[in-house]
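Hi,

Here is the structure I promised to pass on. Have a look, and my notes follow below.

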Amino acid sequence: MRDRLIVALDTDDGEDIDWMCATLAETVRWFKMGFQAFSALGMEAFPWFKQNGHKTFVDLKFHDIPNTVARDVGMMTKHGANMINMHASGGFEMMQTARNSADDAAYKANIPRPILLGVTLLTSIDETGFQQNFGSERQLTKQVVYLAQQAKKAGLDGVVASPLEIESIRKACGDNFLIVTPGIRPEWAETGDQRRITTPAEAIRRGADYIVVGRPIIEADDPLEATGMILDEMREA
Ligand code: C5P
């Protein structure tokens with residue numbers, strides 16, 4: 001389960017990140033850098049995580065014209081990111097060009113290509129929020145599945161989605177398509193701004209390949225204990 005838990009380092013305080021990574025070093029394999037962690041650590045994060053035996057998920061959710069995203073993804077690949085995401089709503093061409101760019105960069109650097117993921121719909125958005133924000137009458141799950149299918153066709157390895165959508169995505173995209181789920185809340189944690197959530201055990205039972213956990217770990221009084229409890233819950237499931 002260690003290989004399936006991704007801890008979101010959602011802070012721009014380099015000392016906090018150092019402390020968190022040292023505290024969780026033996027327990028956690030994957031760390032996720034969003035914009036905050038990335039602004040604190042920069043490109044030096046990649047060799048640093050690697051030296052410590054960790055894998056890095058660059059969660060910068062690229063969303064731009066194909067040429068720009070291709071360059072962003074190529075650059076992150078060259079520096080050694082192990083997982084990179086982009087908004088699937090950025091379009092088929094954007095995702096396809098990004099995949100080609102990652103292939104090229106990995107080939108040139110003689111390193112494995114990172115896992116490429118499409119973000120479907122943010123887990124902080126619920127059905128009403130989706131319809132209001134997107135001016136759509138479509139059912140949220142249908143939109144998520146459509147974006148997942150587009151991501152697959154464009155050559156991405158999987159998607160970021162809510163655990164509540166795993167079953168529908170699996171049906172449409174098959175078993176080899178990765179599903180990474182944030183929106184994870186153990187019974188003992190606060191929900192915060194997340195809306196489409198489940199517990200770690202439920203996400204694993206539903207078939208998530210990886211789960212992403214931020215605040216329930218990094219804001220816990222004892223992050224190591226919180227991580228242990230989440231891993232135990234995942235194992236039991
Ligand atoms: O603190 P929490 O566990 O809610 O953190 C979830 C992490 O996953 C955050 O870093 C957030 O940016 C990210 N994320 C998400 N929903 C998505 C994609 C990424 O919550 N659809």
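Is R99 buried, exposed or partly exposed? Keep in mind that this is a predicted model. R99 comes out as partly exposed, at 24% relative accessibility. Its salt-bridge partner is D103, with 3.1 Å between the closest N and O atoms. D103 is partly exposed too, at 27%. The two sit four residues apart in helix α5 (residues 92-109), so about one helical turn separates them. The pair also belongs to a wider network of salt bridges that links R99, D103, R113 and D157.

In total, the structure has 12 salt bridges. Two others that I looked at lie within helices:

- E202 and R206 pair up at 3.0 Å, N to O. Both are in helix α9 (residues 200-206), four residues apart, or about one turn. E202 is partly exposed at 25%, and R206 is partly exposed at 35%.
- D232 bridges to R235, with the closest N and O atoms 3.3 Å apart. These two are three residues apart in helix α11 (residues 223-236), again about one turn. D232 has 42% relative accessibility, which makes it partly exposed.

As for disulfides, the count is zero. Among the cysteines, C21 is buried at 4% relative accessible area, and C173 is buried at 3%.

One last spot to check is E44, in the loop between α2 (35-41) and α3 (45-51). E44 is exposed, at 64%. E44 and H79 are 35 residues apart in sequence, while their C-alpha atoms are 8.7 Å apart in space.

Cheers

Terms used. Residues are numbered from 1 along each chain as its sequence is written. This is a predicted model: local features need pLDDT of at least 70, side-chain atom pairs count only at pLDDT 80 or more; totals for chains, interfaces and linings use all residues. Side-chain values use heavy atoms; hydrogens and water are left out. Buried means under 20% relative accessible area, exposed over 50%, partly exposed in between (1.4 Å probe, protein chains only). A disulfide is a pair of cysteine sulfur atoms within 2.5 Å. A salt bridge is a side-chain nitrogen of Lys or Arg within 4 Å of a carboxyl oxygen of Asp or Glu.
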